[in-house]
Amino acid sequence: MKIVTDSFISLGYWPYAGSFGFNTDILATNPINLSVVLGGLIFFGKGVLSDLLDNRKQRIFNTIRNSEELRGGVIEQLEKARAHLRKVEIEADQYRVNGYSEIEQKILSLRTSASTTLEQLENNKNETILFEQQRAINQVRQRVFQQALQGALGTLNSCLNTELHLRIISANIGMFGAMKEITD
């Protein structure tokens, strides 16, 4: 009992702490108390800590699974978009090729039409020139014929006398009479 009372008496001799600090003396810090506290925390806190870690692990697994599902959906959408892009590119190429072929066909059609029109215009021009030449030739013939007829009439009028004139008339009447008998 003396040891117990000595321990209480010795409390009175402890100096008052003027400041806060760490006690680095291992024997004075009471390792048994620390081990008991740490053991209690480990024993009682192990279940709580394990539950917290399991919940966290489950949330991480759920997040990874959701991410994988979303990744799969995104990859599927990406493949669909790529397929659609290829389809659109093929259609665009077809439109481009068809457009170029239609343009070439229209150009060829326009060239053919222009060539045909030019040929018709050339033919019309040649026909017009030929017609004008024929008309000019006919006018020249008529003038030459009129001049020759006027010259012949002038010559005949100056050279013919009345007796010769009557003989020519009666010969012509005879020829017309003979022609009438042949035609009847």
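Trainee: How far apart are the end C-alpha atoms of helix α3 (residues 162–183)?
Mentor: Helix α3 has 22 residues, which at 1.5 Å a residue should span 32 Å. The expected span is 1.5 Å times one less than the number of residues, and a helix is a DSSP run of H or I with at least four residues, numbered from the N terminus, while a strand is a run of E with at least two. The distance between the end C-alpha atoms of α3 agrees with the expectation, as it comes to 32 Å.

Trainee: What is the mean pLDDT of the chain?
Mentor: This is a predicted model, in which local features need pLDDT of at least 70 and side-chain atom pairs count only at pLDDT 80 or more, whereas totals for chains, interfaces and linings use all residues. Residues are numbered from 1 along each chain as its sequence is written, and side-chain values use heavy atoms, with hydrogens and water left out. The predictor's confidence in each residue is its pLDDT, from 0 to 100; in this chain 83% of the residues reach 70 or more, and the mean is 81.

Trainee: In which helix is confidence highest?
Mentor: The chain has three helices and zero strands, following the pattern α-α-α along the sequence. Helix α1 (residues 2–12) has the lowest confidence, at a mean of 50, while the highest, at a mean of 87, belongs to α2.

Trainee: On which residue is the kink in α2 centred?
Mentor: Helix α2, with 129 residues, reaches 179 Å from its first C-alpha to its last, close to the 192 Å expected. A bend is the angle between axes fitted to the seven residues ending at a residue and the seven starting there. In α2 there is a kink of about 50 degrees, and its centre is G45.

Trainee: How many residues of α3 are buried?
Mentor: A residue is buried under 20% relative accessible area, exposed over 50% and partly exposed in between, using a 1.4 Å probe and protein chains only. Across the 184 residues of the chain, buried residues make up 0%. Helix α3 is hardly covered, and among its 22 residues the buried count is zero.

Trainee: Which residue forms a salt bridge with K80?
Mentor: A salt bridge is a side-chain nitrogen of Lys or Arg within 4 Å of a carboxyl oxygen of Asp or Glu, and the whole structure has six of them. K80 is exposed at 55% relative accessible area, whereas its partner is partly exposed at 47%. The two are four residues apart in helix α2, so about one helical turn separates them. The closest N and O atoms are 3.5 Å apart, and the partner of K80 is E76.

Trainee: How far apart are the closest N and O atoms of E79 and R82?
Mentor: E79 and R82 lie three residues apart in helix α2, about one turn of the helix. An α-helix has 3.6 residues a turn, so residues three or four places apart point the same way. E79 is partly exposed at 41% relative accessible area, as is R82 at 42%. Their side chains form a salt bridge, with the closest N and O atoms at a distance of 3.5 Å.

Trainee: Which residue meets R135 in a salt bridge?
Mentor: R135 counts as partly exposed at 41% relative accessibility, and its partner, at 35%, also counts as partly exposed. The pair is three residues apart in helix α2, about one helical turn. With N to O at 3.3 Å, the side chain that meets R135 is that of E132.
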